Amino acid sequence: MKSNENVRRGAGDLIARYGTLGLMALVCLFLAISVPAFIQPSNLFDVLRQVAVVGIMACGLTYAVAAGGFDLSVGSVAALSTVFVAWLLVRNVPVLAALLVVLAVGAACGWANGLFCARLRIVPWVGTLATMLAVVGPQFMLTGGGSQIPGGLGPKQPLMDFLGKGFLGPVPVAALVMLLVAAVAEIVLSKTALGQHMYAAGGDRVAAETCGIDSRRVLWLAYIFSGVLAAGSGLLMAARMGLGQVRIGEPYLMDAIAAVFLGSTVIKEGRPHILGTIVGAIFMGIMFNGLTLLHTPYWGFYLFRGIMVFAAVALSGFRSR
Amino acid sequence: MHDPPSTEQRVLAMHNISKDFPGVRALDHVDFSLHGGEIHALVGENGAGKSTLIKVLTGIYACDEGCIELDGREVHVRSTRQMQDLGVACIYQELNLIPHFDVAQNIFLGAEPRGKLGLVRWSEMYREAERLLGTLGVSLDLRVPVRKLGFGQRQMVIIARALLHNPTIFVLDEPTAMLTRAEIGYLFGLLERLKEQGVGILYISHRMEEVFEIADRVTVMRDGKNVASLQVAETNPDQVISLMVGRQLDDMFPKTDLEIGPQLLAVGGMGDGALVQDVSFEVRAGQVVGIYGVLGSGTAELAGMLAGDRPLAAGKMLVRGEPTTFRSPHHALRDGIALIPKDRRDEGLVLSFTVRENMTLAGLGRWVSAGLIRSREEKAVTRDQIEALNVRTYGAEQVVQELSGGNQQKVVIAKAMLSQAQVYVFDEPTRGVDVGAKIEIYRLISRLLQGGAGVILFSSELPEILHITDRVMVMFRGRMVLDKLTQQTDADELLMYALKGEASETDVS
Ligand SMILES: Nc1ncnc2c1ncn2[C@@H]1O[C@H](COP(=O)(O)OP(=O)(O)OP(=O)(O)O)[C@@H](O)[C@H]1O
Ligand SMILES: [Mg+2]
């Protein structure tokens, strides 16, 4: 038996694989021509710096989606992290310990999501929505009802400043952190058996299980990864702002969703992957930067966000048919 | 139970196995044994419990009672992985592949070669996959996602996956249901080789001729019980069938002669620009048109085109004399053409729906008044269909996912019948259904004909084609090479045309 259907590489296939990248190139070209400030290296690096938070959060979400779940709580968990790390630092907890504790809290949130959605098999939209709402509570508890932790991040925090505001040469440290996280995430998802099993569980749960894959466990782990990375993105957020603020992370959820779904249309065949997610996040960052440079009013951003999420999901749905 | 002949090793013994599902006792104190170097066939009607028995063996289901011995030692089955490590490999009735994974990834699913840090060693994986397929004598592009492969090729991927672990027990649940003759021959060769190597093979099939061709022993199940285990050499198909159904079956192919009515569907010069070329024929009321061809001859594509699943590149289609084009199965159905697809799991059913919901999905409009479903009527109709097709289910509200494979097939057929089409396109309707249901399906076809419908039957079973069609056509490399009244042809002629595209002078008598 010969395989008679070779992978087609016609024009349609090219558009499907590289269409999103092409579109991104067109947008850049348009911006470069209409707003010359756009292609200043300093502006481009600034875009990268701004993308870092969403990029890391979206990497986590990529795991949840790849394994057949979804995670609405990432924005909320990130906000909790900003508040919690500020609360710890203000109380003079050593910074490394504070970071680890906050990441552990993120893991716990992910574990709870896994309990609802992987173990008890509650629909992910509902299960993670519960977490999303529930973690608002502790935020207000920590601030004592206010919207911020008083005292910023406490006394001088060189490490936090370095992460959030530092530069290595012209390159913002935050962007480097994102790339580092993405590189590790990419390896785990695409190069390890665990990553392969996550895709399998997301692709066809029954089939994966008959191959001896514990689909519950891998989905659960995906939620935990998602929680940890959400907490990580919150830490970066706190470092950049120099404070912890209640509910600050929620708007990022939409951007992360758009990044993941846009990303699943990049190069590979219609499934979420880390490289694509990062490209998607950068694409979103470029668009927002462009809107700013073009002096778009505030409400325009909301409208645009909605359109992007819709377009991203529609594009990826079209691909995976 | 009788002792095994000769010195063969008993590699598997299942004692007193029982398994209950809500509402049914799927296995009722079943004993079963398998020797190394033996092919043991397991037969029984749809829902008899065959698949459940092997799922207990492979660790998918835990049994409620009984014990399993491998090589004389009792094992406590905890997971599929454990049984796999103990040398039990299985090909399930449903092809379990991850559609967007490629061939090699699917073969190694759950058993990826890993290096340090759990990293997958991709190059080793592709090399091994290549080697493995080589020993099976199959050449496949390892990097093609399996959703782009045909059934036969997918089956090979699954077989390669099963053989990856050098099993001592190899279980196949209806592996031939989707295969062509040539592919079946190939599979049998492979099984003979494994048998010589001492592998114990458990083989489930509904096809008697297969059982008598390759099996050494046959075990018959009925209603969750083992009713007999026999040496194949000491029995015959009739005995096995009567053990299976618990009664004698006489009329395998009921056929009533009907007036041929007006033309319902005509196609002229139809083609898709690649695999189907210049096909013309017509279907009349009360007529069964059979289309026969080997895999790759274009029959599958033609079926897809007739049902609106595949675009036409050339030719025209007339429905009751009116020209029409379909862009989707929905359009086809609106014009009164219903397809009963062969891949029931992917195309035919919504697995999470109940039997009733599935059956009435296509024709729901009929039970709606003022926007509301008249559920009493809907339920009554569903009950009738369950009875007519003898679907083994504890009720109309059972989720179809829980039905046995053959019973799912019956639901697909019931669904199409309720869509009130005028032309029914059956694509291998009797694959995977038991003998009793086969007859029921033929009866239903003849009932459809009496109701003034026309039927197009794609089938790879020559007896079926010869017995229930009025007209038969043979496809070869995308073209119709033969079109005759069924009475004027025979199996040899059909086969000749299907394989060669013409009758070779020397062979025709
Ligand atoms: N997961 C399940 N939940 C509930 N009932 C089930 C489930 N799986 C099987 N059954 C029931 O158990 C009985 C035996 O089913 P099984 O799949 O073993 O039949 P089978 O002999 O393999 O039939 P077929 O030839 O149609 O494949 C059937 O009545 C079926 O409806
Ligand atoms: Mg079965």
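A pocket is an open set of grid points with protein on both sides within 12 Å along at least five of seven lines. The model used in these exercises is predicted.

**Exercise 1. Describe the second largest pocket: its volume, its central residues and its lining.**

Step 1. Take the volume. The second largest pocket holds about 1400 Å³.

Step 2. Find the centre. The lining has 49 residues, and those closest to the pocket centre are B:Phe21, B:Lys55, B:Ile60, B:Tyr61 and B:Gln401.

Step 3. Assign elements. Chain B supplies at least two lining residues from each of β2 (24-35), α1 (50-58) and α14 (405-417), and α10 of chain A does likewise.

Step 4. Sort by class. The pocket lining splits into 22 polar, 14 nonpolar and 13 charged residues.

**Exercise 2. Characterise the interface of chain A and chain B by contacts, buried area and polar pairs.**

Step 1. Count residues. On chain A, 28 residues are in contact with 34 residues of chain B.

Step 2. Take the area. About 2600 Å² is buried between the two chains, and carbon and sulfur atoms give 55% of that.

Step 3. Check for charge pairs. The rule finds 0 salt bridges across the interface of chain A and chain B.

Step 4. Check for polar pairs. Here the rule finds 3 residue pairs in polar contact across the interface, with both residues at pLDDT 80 or more.

Step 5. Locate the chain A side. Helices α8 (173-191), α9 (193-203) and α10 (205-210) of chain A each give two or more residues to the side that touches chain B. Of the elements, α9(A) gives the most, with 6 residues.

Step 6. Sort that side by class. The residues of chain A that touch chain B divide into 11 nonpolar, 10 polar and 7 charged.

**Exercise 3. Find the cavities and describe the largest cavity.**

Step 1. Count. The whole structure has 3 cavities of 30 Å³ or more.

Step 2. Take the volume. The largest cavity encloses about 290 Å³.

Step 3. Find the centre. It is lined by 21 residues, of which A:Thr210, A:Cys211, B:Gln84, B:Cys90 and B:Tyr92 are closest to the cavity centre.

Step 4. Assign elements. Two or more lining residues come from each of α2 (80-85), β6 (88-91) and α5 (151-163) of chain B. Strand β6(B) gives the most, with 4 residues.

Step 5. Sort by class. The largest cavity is lined by 13 nonpolar, 6 polar and 2 charged residues.

**Exercise 4. Count the salt bridges over all chains, then place the one between A:Asp161 and A:Lys165.**

Step 1. Count. The rule gives 21 salt bridges over all chains.

Step 2. Test the pair. The closest N and O atoms of A:Asp161 and A:Lys165 are 3.9 Å apart. The cut-off is 4 Å, so the pair counts as a salt bridge.

Step 3. Place the pair. Both A:Asp161 and A:Lys165 lie in helix α7 (residues 158-165) of chain A. They are 4 residues apart, about one turn of the helix.

Terms used
Residues numbered from 1 in each chain as written. Chains lettered and ligands numbered in written order. Predicted model: local features only at pLDDT ≥ 70, side-chain atom pairs only at ≥ 80, totals over all residues. Heavy atoms only, no water. Contact = heavy atoms within 4.5 Å. Buried area = accessible area lost by both parts, 1.4 Å probe. Salt bridge = Lys/Arg side-chain N within 4 Å of Asp/Glu carboxyl O. Polar contact = N/O pair within 3.5 Å; in protein donor to acceptor, adjacent residues only side chain to side chain. Nonpolar A, V, L, I, M, F, W, Y, C, P; charged D, E, K, R; others polar. 1 Å grid on protein atoms, 1.4 Å probe; cavity = no way out; pocket = protein on both sides within 12 Å on 5 of 7 lines; lining within 4 Å. Points joined across faces, edges and corners; volume = space filled by probe spheres on them.
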